[in-house]
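Colleague: I have a new model on my screen and would like to learn how to read it. Can we go through it feature by feature?

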Amino acid sequence: MQPLWDAPGQAGSALPDELRSRYGGDLWLAPDAVYSNFVSSLDGVVALDAPGGGAAAISGRNPADRFLMGLLRALADAVVVGAGTLRADAGHLWTPASVFPEAAPGYARLGRPPARLVVVTARGDLPPAARALEAGALVLTTEAGARRLGAAASGSRGVTVRTLGGGGRLTARAVLEAIRAEGHRRVLTEGGPRLMARFVKEQLLDEIFLTLAPVLAGRDGRERRPGMVDGARLLPGRSDLWRLLSLRAHGSHLFLRYASSRSGAE
């Protein structure tokens, strides 16, 4: 990745040499940061409903994007996804090495324990055969969702289910409090867009990592092609200002990092 711009005064954590070389410098995250990572087309699409329409279809499996995805997972204590994201890619493992195995030795040299996968589902609609559920996943749901999970959750040896109330909707604040109660401080959310909307609307997101892929996805109204925040209307009426912290490039892919105007990042 080629550094194009970094905000003055940023402090970088000491990455192992191979990670620093790939990233184009060091990377600092607050111990209790809540941050997101998405890839978007030039016209703002982050997810496709069509078969094979995951983030990889938008990014083109760009190696720098996959490296950064792995690095951000490696720096997290917990990786949070919504049920829709899990259903869309039930064979995926949300680990650094699974997305970019070439950098696995460098990720390991960070000396951090593996991030815990946290799945948020109000309805309890999860694929029982999802590989990631076997690796110690924490499922946060409602009382109705827990009843629906039933045997599916008990049949996955690594799953821990936490019920956050009897309502039909889970707030981002309740989700974050449950994650912190498990001892996880630094939290990465990879979506989907509706879960992202909750964190943004409740002003719990500190930083955004956004890969801008050099493709146009288009919309024809026949399928949902959401943007990064789906389910919360911010403008007009609410002005969420974000400060650019860094800009990097790999070919024609751009890698942007923003901090919330309410955070202490400089």
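Modeller: Start with a term. A strand here is a DSSP run of E, at least two residues long, and strands are numbered from the N terminus. S40 is found in strand β2. Keep in mind that this is a predicted model.

Colleague: Is S40 buried or exposed?

Modeller: Buried means under 20% relative accessible area. S40 has 6% relative accessibility, so S40 counts as buried. Leaving aside neighbours within four places in sequence, S40 is in contact with V45, V46, I58, L210, T211, L212 and A213.

Colleague: Next, helices. How do I read the sides of one?

Modeller: An α-helix has 3.6 residues a turn, so residues three or four places apart point the same way. Now take α8, residues 172-181. Its buried residues are A172, V175, L176, A178 and I179. They span an arc of only 160° around the axis, which puts them on the same side of α8.

Colleague: Which exposed residues sit on the face of α8 turned away from the buried side?

Modeller: That face carries E177 and A181.

Colleague: What covers the buried residues of α8?

Modeller: The cover includes β2 (34-40), β3 (78-82), β4 (116-121) and β5 (138-141), along with β7 (187-189) and α9 (193-201).

Colleague: How many residues of α9 are buried?

Modeller: Seven of its nine, so α9 is mostly covered. The buried ones are P193, L195, M196, A197, R198, F199 and V200. Their cover includes β2, β3, β4, α8, β7 and β8 (207-212).

Colleague: Now the nonpolar cores. What is the general idea?

Modeller: In soluble globular proteins, nonpolar side chains tend to be buried together. In this model, the largest nonpolar core has 40 residues. Y35, F67 and L71 have the most contacts inside it. The elements that give two or more residues to this core are α1 (17-23), α3, β3, α4 (83-88) and β4. The most comes from α3, with seven residues.

Colleague: What is Y35 in contact with, leaving aside neighbours within four places in sequence?

Modeller: The list is L29, L72, L75, A76, R186, V187, L188, T189, L205, E207 and F209. Apart from the largest core lies another, of 26 residues. Among them are A178, L205, I208 and M228.

Colleague: And pockets?

Modeller: Rolling a probe the size of a water molecule over the atoms shows where empty space is left. Look at the second largest pocket. About 230 Å³ of space lies in it. Its lining has 16 residues, and A74, P96, R112, P114 and A115 lie nearest its centre. The elements that give two or more residues to this lining are α3 (63-74), α5 (96-99) and α6 (104-108). The largest share, three residues, comes from α6.

Colleague: How do the lining residues of the second largest pocket divide by type?

Modeller: There are 13 nonpolar, one polar and two charged.

Colleague: Last, the backbone. What should catch my eye?

Modeller: Most residues other than glycine have a negative phi, and most peptide bonds are trans. Look for the exceptions. R61 is not a glycine, yet its phi is positive, near 55°. R61 is found in the loop between α2 (55-59) and α3. With a relative accessible area of 51%, R61 is exposed.

Colleague: What about Q203?

Modeller: Q203 is not a glycine either, and has a positive phi of about 55°. Q203 comes just after α9, in the loop between α9 and β8. At 48% relative accessibility, Q203 counts as partly exposed. A glycine with positive phi, G183, follows α8, with a value near 95°.

Colleague: Which residues does a cis peptide bond join?

Modeller: One such bond joins G191 and G192, with omega about 15°. G192 lies in the loop between β7 and α9. The peptide bond from L235 to P236 is also cis, with omega near -10°. P236 is in the loop between β8 and β9 (242-250).

Colleague: One more residue, L133. Where is its place?

Modeller: L133 is in the loop between β4 and β5. L133 is buried, with a relative accessible area of 4%. L133 and G145 are twelve residues apart in sequence. In space they are 16 Å apart, C-alpha to C-alpha.

Methods
Residues numbered from 1 in each chain as written. Predicted model: local features only at pLDDT ≥ 70, side-chain atom pairs only at ≥ 80, totals over all residues. Heavy atoms only, no water. Buried < 20%, exposed > 50% of the residue type's maximum accessible area, 1.4 Å probe, protein only. Helix = DSSP H or I, 4+ residues; strand = E, 2+ residues; numbered from the N terminus. Arc of directions from axis to C-beta. Contact = heavy atoms within 4.5 Å. 1 Å grid on protein atoms, 1.4 Å probe; cavity = no way out; pocket = protein on both sides within 12 Å on 5 of 7 lines; lining within 4 Å. Points joined across faces, edges and corners; volume = space filled by probe spheres on them. Nonpolar A, V, L, I, M, F, W, Y, C, P; charged D, E, K, R; others polar. Core = buried A, V, L, I, M, F, W, Y, C linked by side-chain atoms within 4.5 Å.
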